[in-house]
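Please consider the following model and its sequence together. The discussion takes up charged side chains and then the contact between chains.

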Amino acid sequence: MTKAPILEVRGLDSYYRQGTDTLWRKKRTQVLKKVSFTLGQGEVLGIVGESGSGKSTLAKVILGISRDYEGEIVHHSMRPQMVFQDPYASLNPAFTVGRIVEEPLIIYGKYDVHERKRRVIDMLEDVGLGEEFLVCRPHELSGGQRQRVSIATAMIVRPKLVILDEAVSALDVTIQDQILDLLVRLKKENNLSYLFISHDLNVVYQCCDRVMVMKSGEVVEENTVDGIFDAPQHPYTKKLLLAAE
Amino acid sequence: MKYIAKKLFTLIITLFIVSLLAFLAFQIIPGNAAVLRLGTNGTPQQVEQLKEEMGLNRPIAIQYGDWLGSFLSGDMGVSYTYNMPVEDMIAQKLPSTVALVLLGCLLMVVLSIPIGIFTARHAGGVVDRVMTVLNQVLMSIPPVFVGILFSFVFGITLRVFIPGDFVSWDENITQFLVFMFFPALSIALSRVAMTVKLLRSSLLDEMDKNYIRTAFSRGHSRDTALRQHALRNSLVPVVVFMAVSAAEMVAAGIIIEQVFAIPGIGRLLIASIGTYDFPVVQAIVLILATWVVVVNFLADILSQYIDPRVRLG
């Protein structure tokens, strides 16, 4: 790995509490088992695996949404952001698009109202939405537009690392392509690194540099995209590739 | 604006139907006003004559139109029992009831929202668990009993107010409010418990939603996500419930007025039903119905303001 790392994860174990074990305590299940990887600057690392393999948990742990973990996570960038799968449910229905996109700026508290507004308008334009969307609410938008709003919200604090958790999976194929093009353009313009979580191998093939295959919380194989697609080593990877054809 | 106009139209229709029902109910109930007024000594001729005088022999539709017309112009008729204009009787009793119900609603809002937020924020904590049990208890105690308990504890034992010694608002506003506080709390208490429970579960439901996860990823803490994102959305069912409660409180207020000997609309209503004083009963029923319908109208408007998607539904 010649590129400087932007994220390093070493020996990550993570747990998940669900259901009740004894009277008050919740059952603690291990989700991630000894996950280690490094993401380089400007790199797109795909994470594939079936549902329940721990992909989303990994994303949550990296961003600190889930805190129940052991191991080491080293961020070499500030303000990592995330784009979620379901663009409808992941936007607050009561807020206008303007308010949603502005929110991270409010949280980081760097700019005054006018500067924030200017940046929001710029950002919306950057993701292909005009100023007229400022006053719209999520339910008035199409799936693709909502996902553009999600992307704008993630990008507005100028992160270096963005986690895309099934960011295009809920969209139909033509919209998927548009959003992927947008993501690739934004990455080039801003020298971003993506952690691209997906169950769709075709999408991963289109946009990733390297791929990490996960199964029941463990990394079973990691290689370049070509390596994975041309010469899969692990039987699980082979199975996934077969299913994607 | 179109939404409000539509709701306003429904409101007027509802009130019209209620007025019709309130009027017809007394046409169906056996016994008529002329007989009651004359008592058992009236001869059939006297009854017939009085019925003619009171306009009771006219077709029902005309009687209704007449009644509604004068009602809208502020003339609510004359009480059979007291021979006094109904509007004067009501004007005298209304302020106490209005104060009671408004104070009850105010207590419900200012108590249940902060407590609901607190228990949701500290869900699973000691305070939350104690509140859950306490809520269950408070919910199941009827307002009458709470009223009697308050009279005993704060009236007789602690002497905060003198039970039964009602002070009118134009005599001494402070004493009036101190006196009214306890009956208002009596009717509000079970509703506070229910609202706390509803707000708590509504907030926790919202906190599990995906947009809250997004808020976390943008750098929100659990506390700020709860206050800035979840709270607003969780208020929609709470507002609707509070409107229902505000209507329920009027009903509870009728009983509580008896317990605390408050000369309000509720006591007048009960007395008038006992004496078949139809003009009074009709007027009060219509006033109470108006309150219920108006509160629900306001709740609809408020829900729509909180969550703009409501407009679509």
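With which residue does R185(A) form a salt bridge? In this predicted model, the partner of R185(A) is D126(A), and the closest N and O atoms of the two are 3.2 Å apart. The pair links distant parts of the chain, since R185(A) belongs to helix α5 (residues 173-190) of chain A and D126(A) to helix α3 of chain A, 59 residues apart. Both ends of this bridge are partly exposed: R185(A) has a relative accessible area of 35%, and D126(A) has a relative accessibility of 28%. Salt bridges that share partners also join E115(A), R118(A), R119(A) and D122(A) into one network.

Within that network, E115(A) forms a salt bridge with R119(A), with the closest N and O atoms 2.8 Å apart. Here the two residues occupy one element, helix α3 (residues 113-126) of chain A, and their spacing of four residues is about one turn of the helix. E115(A) counts as partly exposed, at 23% relative accessibility.

A further bridge connects two strands. R10(A) and E72(A) form a salt bridge in which the closest N and O atoms are 3.0 Å apart. R10(A) lies in strand β1 (residues 5-20) of chain A and E72(A) in strand β4 (residues 69-75) of chain A, so the pair ties together parts that are 62 residues apart in sequence. R10(A) is partly exposed, its relative accessible area being 37%, and E72(A) is likewise partly exposed, at 41%. Over all chains, the count comes to 21 salt bridges.

Side chains of opposite charge can pair when their charged atoms come close. What, then, is the nearest side chain of opposite charge to R148(A)? It is D181(A), at 8.3 Å; R148(A) is buried yet has no salt bridge. Because a salt bridge requires a side-chain nitrogen of Lys or Arg within 4 Å of a carboxyl oxygen of Asp or Glu, the separation of 8.3 Å between R148(A) and D181(A) does not qualify. R148(A) is found in helix α4 (residues 143-155) of chain A. The side chain of R148(A) does make a polar contact of 3.3 Å with that of Q178(A). Leaving aside residues up to four places away in sequence, R148(A) touches V127(A), G128(A), L129(A), Q178(A), I179(A) and L182(A).

The remaining subject is the contact between the chains. The size of an interface is often given as the accessible area lost when the parts come together. For chain A and chain B, about 1,900 Å² is buried between them, with 59% of it on carbon and sulfur atoms. In chain A, the residues that lose the most area to chain B are F84(A), P93(A) and I107(A), which together account for 23% of what that side buries. The contact draws 27 residues from chain A and 18 residues from chain B.

How many salt bridges are counted between chain A and chain B? The count is zero, whereas eight residue pairs are in polar contact across this interface. On the side of chain A that touches chain B, the elements giving two or more residues are α1 (55-63), β5 (81-83), α2 (97-108) and α4 of chain A. The largest share of that side, five residues, comes from α2(A). By residue type, the side of chain A that touches chain B divides into 16 nonpolar, six polar and five charged residues.

Conventions:
Residues numbered from 1 in each chain as written. Chains lettered and ligands numbered in written order. Predicted model: local features only at pLDDT ≥ 70, side-chain atom pairs only at ≥ 80, totals over all residues. Heavy atoms only, no water. Buried < 20%, exposed > 50% of the residue type's maximum accessible area, 1.4 Å probe, protein only. Lys, Arg positive; Asp, Glu negative; His and termini not counted. Polar contact = N/O pair within 3.5 Å; in protein donor to acceptor, adjacent residues only side chain to side chain. Contact = heavy atoms within 4.5 Å. Buried area = accessible area lost by both parts, 1.4 Å probe. Nonpolar A, V, L, I, M, F, W, Y, C, P; charged D, E, K, R; others polar.
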